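Open the model in your viewer and keep the selection panel at hand. The stops below run from the domains to single residues.

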Amino acid sequence: MTLPANFNDISKHSFCVLPWVHRFVNLGGEVQLCCTAEEHSHSYIKSDSGKLINVADGFTDQQISDTAHIREIRKLMLKGTWPPACERCRITEQCGGSSRRSHENHHFKHHIPWILDNTDAQGRAPVRICSRDYRLGNLCNLRCRMCHPRASKLMLEEWNQISRRRLRLKGENAYQLTHMDWFQNEQLWDDFAEHIHDLEHLHFAGGEPLIIPEVLKALEICVKSGVASRIELTFNTNVTKIPQKHRDLWPQFKAVNLLCSVDAFGALNDYIRYPSKWKTIAHNLDTIDREHNELNLGWVSISITVQIYNVFKLADLIEYTQQRFSFIHPMPNLVHLSVPDYFNIQFLPDDLKNLVVKQLGDLSQRLKLNEMSNDPNPLDGILAFMQLSNHSPYIMNEFRRITSVFDQVRDESLICLVPELAGLMQNEAGKSFADRWKLFKSQVAWLTGRIRNRF
Ligand code: SF4
């Protein structure tokens, strides 16, 4: 099999190495294509009987790789057709951005020849999992506003306060979320040890991976097996802690990379990523920047989840990052938030979208982002993403409702931190019959969209 020479250029093809070389196990133990596709229902890998695959059920890597589902994804990719699960990469490329697909194809380009030589017409290929991404449970010390109890079990009580009745988590569901233990399944660790010699990259997110005991267990297995020096580690961390045990283990690996989830500068970060303390975050970022050699760090980036709460204040954090650090990458990684939709910038009213366009345009100019490199301007990617949908009065009503409940429960105030959102926070719902009718129509459009997405 061959690929066109420009297959990894933006929007030129859909081939991605990950369905051959990567294993992503999500917070609940379910196997998905990759975390970029996590929000898409087609990314949940199903057995040939149609059942969602969960590592707690004892599936081996071989069985997962041989499923008709994964084979179909591979066949589509080799034909240049985007699999439905890969919508996020497709949209990123459509918006002119740099997708994870192109990054992974570049990073694992040495695997492409054997993939092309060894994949048969049914999409079967040898099992060579060289990259693993594990979310070993939902232990986290934060309760970020856009999070869910599935990712931080501490969220459960507040989730039930902010959510509409049908979404509340009670009884067995709540118990399952607060007592996750699928990551203690022996098959998981047997597979991990059996294929450890193929490993080149291990990624952990959470929860907060730097406080999850099983993350340390995985690192210790790598060290004991004598393969750690060949493995690159990557963590999505909230940088609230740099535990000593990690500091001791990291130098034994090939390199350690950190994606530090920080969503704003100062008090707004603590508001979004509650109850983090900016003083601690700033101190830990300084430590990482200063001690990168001792910690064996390969690269470190700040990762900003761009959402309604922070889109008007991106400049503060980006300019801080640019001026403050010498090792941490000066330009943060900007990730657009898609869900929950009530924090998604696509649904902002037009006057606020115009303000975002103006602010980010000014920031691009100040930072000379269109002149400095051949890489796509990440702020342009955010603006293009924002314009993909129209304002939704219904979703913005949810934003207002949920923000108000959070503010009340946490004794905080959005308007003090982001005055640009003061108008949006005023209650429009009860204003006039015309407003209520607009709201109703928007709710119907939202419901229709949800139903359409499900099929
Ligand atoms: S194309 Fe994107 S979403 Fe699909 S497997 Fe690759 S990285 Fe994941």
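How many residues of domain 1 are in contact with domain 2? Five residues of domain 1 touch six residues of domain 2. On the domain 1 side, that contact has one nonpolar, four polar and no charged residues. Keep in mind that this is a predicted model.

**The whole chain**

Colour the two domains: select 18-129 for domain 1 and 342-455 for domain 2. Their C-alpha centres lie 32 Å apart. Now switch to cartoon. The chain has 21 helices and eight strands. Its C-alpha atoms fill a box of roughly 65 × 55 × 50 Å along the principal axes. The radius of gyration is 22 Å, which agrees with the value near 23 Å for a compact globule of 455 residues. Of the 455 residues, 38% are buried. Take the contacts between residues at least 6 apart in sequence: 71% of them join residues at least 24 apart.

**The nonpolar core**

Select Leu33 and Cys260. Within the largest nonpolar core, which has 108 residues, these two touch the most other members. Domain 1 and domain 2 both contribute residues, so this core lies between them. Stay on Leu33. Beyond its neighbours within four places in sequence, Leu33 is in contact with Leu18, Pro19, Phe24, Ser43, Ile45, Ile73 and Ala85.

**The ligand**

Leu33 also leads to the next stop, as one of the residues around the ligand. Select the rest of that shell: Cys16, Leu18, Cys34, Thr36, Ala37, Cys86, Arg88, Cys89, Arg100, Arg101 and Glu104. Two elements give two or more residues to the shell, helix 4 (87-94) and helix 5 (100-107). Which of them gives the largest share? Helix 5 does, with three residues. Colour the shell by class: seven residues are nonpolar, one is polar and four are charged.

**Two asparagines**

Go to Asn269 in helix 12 (residues 267-272). Is Asn269 buried or exposed? Asn269 counts as buried, because 26 C-beta neighbours lie inside 10 Å and the cut-off is 20 or more. Leaving out residues up to four places away in sequence, Asn269 touches Val262, Asp263, Ala264, Ser276, Trp278 and Ile281. Draw a distance from Asn269 to Val418. The two are 149 residues apart in sequence and 12 Å apart in space, C-alpha to C-alpha.

Next, Asn390. Look in the loop between helix 17 (378-386) and helix 18 (393-410). Asn390 has 13 C-beta neighbours inside 10 Å, so it counts as partly exposed. Arg145 is 245 residues away from Asn390 along the chain, and their C-alpha atoms are separated by 23 Å.

**Backbone details**

Show the backbone atoms at Gly206 and Gly207. A cis peptide bond joins them, with omega about 10°. Gly207 sits in the loop between strand 4 (201-204) and helix 10 (213-224). A cis peptide bond also joins Val339 and Pro340, with omega about 0°. Find Pro340 in the loop between strand 8 (333-336) and helix 15 (350-367).

Finish with two phi angles. Ser11 has a positive phi, near 60°, though it is not glycine. Ser11 lies in the segment before helix 1 (18-21) and is partly exposed, with 14 other C-beta atoms within 10 Å. Then select Asn296, in the loop between helix 13 (278-290) and strand 7 (297-306). Phi of Asn296 is positive too, near 60°. With 17 other C-beta atoms within 10 Å, Asn296 is partly exposed.

Key: Residues are numbered from 1 along each chain as its sequence is written. This is a predicted model: local features need pLDDT of at least 70, side-chain atom pairs count only at pLDDT 80 or more; totals for chains, interfaces and linings use all residues. A residue is near a molecule or strand if its C-beta atom, placed from the backbone, lies within 6 Å of it. Helices (H or I, at least four residues) and strands (E, at least two) are DSSP runs, numbered from the N terminus. Ala, Val, Leu, Ile, Met, Phe, Trp, Tyr, Cys and Pro count as nonpolar, Asp, Glu, Lys and Arg as charged, and the others, Gly among them, as polar. Domain bounds come from an automatic or database domain assignment. Two residues are in contact if their C-beta atoms, placed from the backbone, lie within 7 Å. A nonpolar core is a set of buried Ala, Val, Leu, Ile, Met, Phe, Trp, Tyr and Cys residues joined through C-beta atoms within 7 Å. A residue is buried if 20 or more other C-beta atoms lie within 10 Å of its own, exposed if 12 or fewer, and partly exposed in between; C-beta atoms are placed from the backbone. The radius of gyration is taken over C-alpha atoms; the globule rule is 2.2 Å times the number of residues to the power 0.38.
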